[in-house]
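Here are my notes on the model you sent round. Please read them with the structure open.

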Amino acid sequence: MTVRNATRVLRLVIAWGLLVAPALIPLHAETHPGQAALVREVARDTGKDPAALNRLLDGASKQQSILDAISRPAEAKPWRDYRPIFLTPQRIADGVAFYRDHRALLEQVGRQYGVAPEYIVAILGVETNYGRLTGKYKVLDALVTLGLYYPPRAKFFREQLKVLLELPDNHLAGPLDTLMGSYAGAQGWGQFMPSSIRDFAVDADGDGHINLVDSLPDIVSSVANYFAGHGWVRGGPVAMRAQPDAAAKAISATDTKPHWPLEQLEAWGYAPLQAANPGESTGLQTLEGPNGPEYWFTFQNFYVITTYNRSPLYAMAVYQLAQAIDAGVQAADHQP
């Protein structure tokens, strides 16, 4: 081979290497499994800078305590043990005080969205004890841990992580890598997941910024808008006790949707313990109470609460706390 030919071959080898090498070398080494694909999707859908997205994800950490927490949710308890967590005299009293302190705002929002104010307050009471306990985990750590390291629910949490990375800055209470929340990645007084922030959070105070941590108008309006958006019935019932007779048909609820007219359940042996519309669409929940089984008719608004948290125990806690808050407010109003 002549020197000229050897030089030509060397040039070809170098040129080929320059073409192939970038395809063989990753642009960014993954800190977490699936990070590269996630960054590509977010950058494609939003135009955000991949390098900036990678820096955010590189700064997030897998947290074993989050994986431990999701394996033992409170909703796994029976109702007799779950109810005392939320229906305490202190939480009820604090809810009554919160309602009375912010009555004008709550009742204005209630009229606007068709959601009784005591249910907005009860959600805040159950979720964060009226804003006192909004979470100790970095939201980014929580969603990276559950979205990229927790196969049983990775699909859901990865989508929430993607939505979080896609949210505009003015939809968040602060810089994304500083946000704190629950082990599941929910944030703010109402514990909104990223998709709920995207779809239902409201800039109620009109400052151009949705802040579910520091703006009470944004917080309560967002909860009400969430309920309205999921089909809350203005003035509709939520739940009521049912009394089965000795020959009542056994009914095992598979979900919390109302499936039958109330009169059908009456025909099957379940009597309402208060006046009710016989044509109202209802479901039936059986809960393990302290004195044995409790039977409850549940309606569309009960189902709406379970879109916030799918457990019927959660929805029942919200319902009973709201009822207790409403009774406390009315009693306080009638004091001399």
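The points below take the annotated span, then the sheet, then the helix pairs.

1. Status and annotation. This is a predicted model, and the remarks here should be read as remarks on a prediction. UniProt, in an unreviewed entry, lists residues 37–323 as "domain: Transglycosylase SLT". In the model, that span is 49% helix and 11% strand. The C-alpha atoms at the two ends of residues 37–323 lie 47 Å apart.

2. Sheet order. The sheet is open and has 5 strands, in the order β4-β6-β7-β3-β5, with antiparallel pairing. Which strands stand at the edges? They are β4 (260–261) and β5 (270–272); each has a single partner strand, so one side of each is left without a neighbour in the sheet. As background, strands of a sheet pair through backbone hydrogen bonds, either parallel or antiparallel.

3. The β4 edge. β4 pairs with β6 (residues 281–289) over 2 bridges, in the antiparallel sense. For W260, the bridge partner in β6 is T282. P261 stands opposite S281, again in β6.

4. The β6–β7 pair. How many bridges hold β6 and β7 together? There are 7, and the two strands pair in the antiparallel sense. A hairpin of 2 residues joins β6 to β7. Within the pair, Q285 stands opposite W296 of β7, and T286 is set opposite Y295 of β7.

5. The β3 side. Strand β3 (residues 239–244) is joined to β7 by 4 bridges, and the two run antiparallel. A239 stands opposite T298 in β7, while M240 has F297 of β7 as its bridge partner. β3 also pairs with β5, over 3 bridges and in the antiparallel sense. In that pair, P244 stands opposite Y270 of β5. When you inspect side chains here, recall that in a regular strand the side chains alternate between the two faces of the sheet.

6. The edge strands again, and the helix on the sheet. β4 and β6 are an antiparallel pair with 2 bridges. Helix α5 (residues 79–86) packs on the sheet, where α5 touches both β6 and β7 (292–298). The direction of α5 makes about 95° with that of β6.

7. α5 against α15. Besides the sheet, α5 packs with helix α15 (residues 312–333) at an angle of about 45°, their axes lying 10 Å apart. That angle makes α5 oblique to α15. The crossing of the two helices, α5 and α15, is right-handed. From α5, the contact is made by W79, Y82, R83 and F86; from α15, by L313, Y314, M316, A317, Q320 and L321. By class, this contact of α5 with α15 has 8 nonpolar, 1 polar and 1 charged residues.

8. α12 against α14. Two packed helices are described by the angle between their axes and the distance between the axes. For helix α12 (residues 216–229) and helix α14 (residues 300–308), the angle is about 120° and the axes are 9 Å apart. α12 and α14 are therefore oblique to each other. The crossing of α12 past α14 is right-handed. On the α12 side the residues are V223, Y226 and F227, which meet V304, I305, T307 and Y308 of α14. The residues of this contact, α12 with α14, divide into 6 nonpolar, 1 polar and no charged.

9. α9 against α10. The axes of helix α9 (residues 139–149) and helix α10 (residues 154–166) come within 7 Å and cross at roughly 145°. Is the crossing of α9 and α10 left-handed or right-handed? The crossing of α9 and α10 is left-handed. α9 contributes V139, L140, L143, V144, L146, G147 and L148 to the contact, and α10 contributes A154, F157, R158, Q160, L161, L164 and L165. By class, the residues of the contact of α9 with α10 divide into 11 nonpolar, 2 polar and 1 charged.

10. For the figure legend. I would state that the model is predicted and give the strand order as β4-β6-β7-β3-β5. The legend could also mark the 2-residue hairpin that joins β6 to β7, and note that the domain name comes from an unreviewed UniProt entry.

How values were computed. Residues numbered from 1 in each chain as written. Predicted model: local features only at pLDDT ≥ 70, side-chain atom pairs only at ≥ 80, totals over all residues. Heavy atoms only, no water. UniProt positions renumbered as here; feature names shortened; annotations may be inferred. Pairing = 2+ DSSP bridges. Contact = heavy atoms within 4.5 Å. Axes fitted to C-alpha atoms, helices over the stretch in contact; angles between N-to-C directions. Parallel < 35°, antiparallel > 145°, perpendicular 65-115°, else oblique. Left-handed = near helix turned anticlockwise from the far one by under 90°. Nonpolar A, V, L, I, M, F, W, Y, C, P; charged D, E, K, R; others polar.
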